[in-house]
Amino acid sequence: MPAETPYPFLAACRRERVPFTPVWLMRQAGRYMKEYRAFREKYSFLEMCKTPELAARITLMPVDQFGVDAAIIFADILLPLEGMGIELRFSEGEGPVVDTPVRSEEDIERLRVFEPHEDVPFVLDAIGQVRKELEGRVPLIGFSAAPFTLASYLVEGGRSRSFVRTKTLMYQNPAAWHRLMETLTRVTTRYVRSQVEAGAQAIQVFDTWVGSLGPADYEAFVLPYLRQVFQGLGLDVPLIHFATNTSGILGLMREAGGDVIGLDWRIDLGKAWNEIGHNVGVQGNLDPAVLLAPPQKIREAVRSILAAAGNRPGHIFNLGHGVLPDTPVDHVRIMVDSVHEISQR
């Protein structure tokens with residue numbers, strides 16, 4: 001590991017000293033931006049994801065507009081599913097929909113082997129294009145869903161509040177569940193490796209819905225597979241482990257792995273960092289709704305989170321989840337500028 005990393009974002013991931021706290025945002029290129037909406041009027045979401053030139057342009061928008069300290073490739077966590085033989089569509093107001101859910105051993109057996117260079121070449125091409133366009137300004141983050149979050153979409157058929165079908169499979173047919181998680185662990189690992197080979201300089205693993213589980217179920221049904229992902233990659237890039245509603249499983253998340261643990265806004269950043277230990281970085285954790293507040297409130301919230309981090313190496317400023325669609329663009333700029341100004345060392 002190098003003694004000094006030129007990018008503040010990568011340096012913070014490695015808990016090195018930085019001149020200011022780096023900041024980027026989940027969904028930092030999205031519906032709150034008029035430029036994004038203009039593309040969306042012409043193309044479907046999947047068309048934008050599958051057209052490398054469009055995905056690259058969208059990826060670069062927030063870097064050019066706000067001066068964030070990292071770009072994240074424009075894609076979707078569910079893109080690998082099509083390569084597994086799953087029909088995926090995005091419904092307005094409903095989000096991703098899997099019309100043929102995976103709920104039996106036979107369904108799991110029918111899943112195809114995922115080959116990134118054959119199944120998602122557009123993502124890898126977009127990564128290469130973005131790296132060229134960035135010309136060393138900021139690093140590029142790639143990402144993947146974690147095995148549990150992929151499984152939840154496959155089993156539920158889309159988004160869920162209760163995850164009843166997912167938990168039913170876990171409890172009633174644990175052998176089938178473990179077979180599914182083994183398959184999805186291979187998918188996640190292959191997808192992440194291919195992105196790094198294409199030029200991604202850091203990876204975020206999204207386990208967005210795993211907070212629906214209690215500690216015992218997380219430890220039995222999820223942790224072993226996440227550990228395989230994080231410990232089995234063997235990559236010399238920072239790995240960020242993100243999930244929401246995880247106050248009760250933070251220690252287990254840390255045990256699963258990752259150089260940086262992403263935090264949502266439901267827990268104090270300083271307390272969470274003390275709980276998981278200071279030998280790992282943390283990312284977060286502004287409530288996305290704060291960006292709907294007046295500028296002074298945004299600055300106060302930024303200052304409070306930076307104070308909780310205590311100027312300790314390893315903090316990356318981010319929201320606790322993605323930017324909300326109604327967020328004023330100017331408020332994003334105010335937040336980014338405030339983080340840089342207040343955190344100057």
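This dialogue concerns strand S5 and helix H13 in a predicted model.

User: What conventions apply to this model?

Analyst: Residues are numbered from 1 along each chain as its sequence is written, and side-chain values use heavy atoms, with hydrogens and water left out. The model is predicted: local features need pLDDT of at least 70 and side-chain atom pairs count only at pLDDT 80 or more, while totals for chains, interfaces and linings use all residues.

User: How many residues of strand S5 are buried?

Analyst: Buried means under 20% relative accessible area, exposed over 50%, and partly exposed in between (1.4 Å probe, protein chains only). Helices (H or I, at least four residues) and strands (E, at least two) are DSSP runs, numbered from the N terminus. Six of the six residues of S5 (residues 202-207) are buried, so S5 is largely enclosed by the rest of the structure. Ala202, Gln204 and Phe206 point one way, and Ile203, Val205 and Asp207 the other way.

User: Which strand pairs with S5 in the parallel sense, with serine 144 opposite valine 205?

Analyst: Two strands pair if DSSP finds at least two bridges between them. Strand S4 (residues 140-145) pairs with S5 in the parallel sense over five bridges, and serine 144 stands opposite valine 205. Strand S6 (residues 239-243) also runs parallel to S5, joined by five bridges; there, isoleucine 240 is the bridge partner of glutamine 204.

User: Which residues of helix H13 are buried?

Analyst: In H13 (residues 223-232), they are Leu223, Tyr225, Leu226, Val229 and Phe230. They cover an arc of only 165 degrees around the axis (taken from the directions from the helix axis to the C-beta atoms), which puts them on the same side of H13.
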